[in-house]
Amino acid sequence: MSAAGGAPPVGLTELHAQARRLIFQLQGEVAKLEKHEEQGASAAASVPTSDASSTSRHIRSQLAELQKLCQQMDHAWRVLGVRDSSLWKRKVEQTSAEYDALSAALASFTGRLSRRQQEAQERIELLQRVAI
């Protein structure tokens with residue numbers, strides 16, 4: 001299934017390129033979320049929850065796409081000859097590790113966002129009790 005000269009199949013190369021582009025985009029979006037969160041914390045305000053929620057939903061859908069690409073790459077490298085398989089195995093493992101790191105970062109952000117929303121709701125309830 002390898003092309004002439006021991007090159008990987010075009011599909012695997014394309015999948016890897018798509019995954020790398022998607023990882024780059026995701027890293028930027030997660031960094032942007034975290035930057036806004038840090039700026040909000042220092043200014044005694046948080047990222048607007050609607051913006052953060054919609055952005056995290058968008059990131060989550062992109063992560064699902066990246067996971068599919070990782071699965072496709074994992075399947076594709078296994079059909080390579082012995083010569084190319086170790087290189088592509090490392091590339092696939094690296095891509096999967098980056099997916100895991102991005103998923104963990106999003107989960108951490110989502111947890112912090114949920115905690116802030118819950119704290120805000122509790123503050124509102126306490127202020128309503130005091131106002132009565």
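**Briefing: a predicted three-helix chain**

Leu106 is located in helix α3 (helices are DSSP runs of H or I with at least four residues, strands are runs of E with at least two, and both are numbered from the N terminus). The model is predicted: local features need pLDDT of at least 70 and side-chain atom pairs count only at pLDDT 80 or more, whereas totals for chains, interfaces and linings use all residues. Residues are numbered from 1 along each chain as its sequence is written, and side-chain values use heavy atoms, with hydrogens and water left out.

**Overall architecture**

- The chain contains 3 helices and 0 strands, and its pattern along the sequence is α-α-α.
- Of the 132 residues in the chain, 30% are buried (under 20% relative accessible area, with exposed meaning over 50% and partly exposed in between, for a 1.4 Å probe and protein chains only).
- Among contacts with a separation of 6 or more, 83% join residues 24 or more positions apart; contact here means heavy atoms within 4.5 Å.
- About 8500 Å² of the chain is exposed, and carbon and sulfur atoms supply 55% of that area (Shrake-Rupley method with a 1.4 Å probe; for residues, only the protein chains shown count as cover).

**Nonpolar core**

- The largest nonpolar core comprises 25 residues, and those with the most contacts inside it are Leu12, Leu26, Ile59, Leu63, Leu66 and Leu102. Such a core is a set of buried Ala, Val, Leu, Ile, Met, Phe, Trp, Tyr and Cys residues joined through side-chain atoms within 4.5 Å.
- Helices α1 (10-42), α2 (49-77) and α3 (82-131) each supply at least two residues of this core, and α2 gives the largest share, with 9 residues.
- Beyond its neighbours within four places in sequence, Leu12 is in contact with Met73, Ala76, Trp77, Leu80 and Trp88.

**Buried positions in α2 and α3**

- Leu106 counts as buried because its relative accessibility is 5%. Leaving aside neighbours within four places in sequence, Leu106 is in contact with Ser56, Ile59, Arg60 and Leu63.
- The C-alpha atoms of Leu106 and Val30 are separated by 7.0 Å, although the two residues are 76 residues apart along the chain.
- Thr95 also belongs to helix α3 and is buried, with a relative accessible area of 1%. Residues up to four places away in sequence aside, Thr95 touches His16, Ala19, Ile23, Leu66, Cys70 and Met73.
- Gln62 lies in helix α2 and is buried, its relative accessible area being 10%. Outside its neighbours within four places in sequence, Gln62 is in contact with Leu22, Gln25, Leu26 and Glu29.

**Aromatic rings**

- The count of aromatic pairs is 0, where rings of Phe, Tyr and Trp (its six-membered ring) pair if their centres lie within 6.5 Å, with planes under 30 degrees apart counted as stacked, over 60 as edge-to-face and the rest as tilted.
- Lys91 lies over the face of Trp88, at 4.3 Å from the ring centre; the rule requires NZ of Lys or CZ of Arg within 6 Å of the ring centre and within 35 degrees of the ring normal.

**Confidence**

- The mean pLDDT of the chain is 84, and 83% of its residues reach 70 or more; pLDDT is the predictor's confidence in each residue, from 0 to 100.
- Over residues 1-5 pLDDT stays under 50, and the model has 8 contacts beyond four places in sequence for them.
- Over residues 43-47 pLDDT likewise stays under 50, with 7 contacts beyond four places in sequence.
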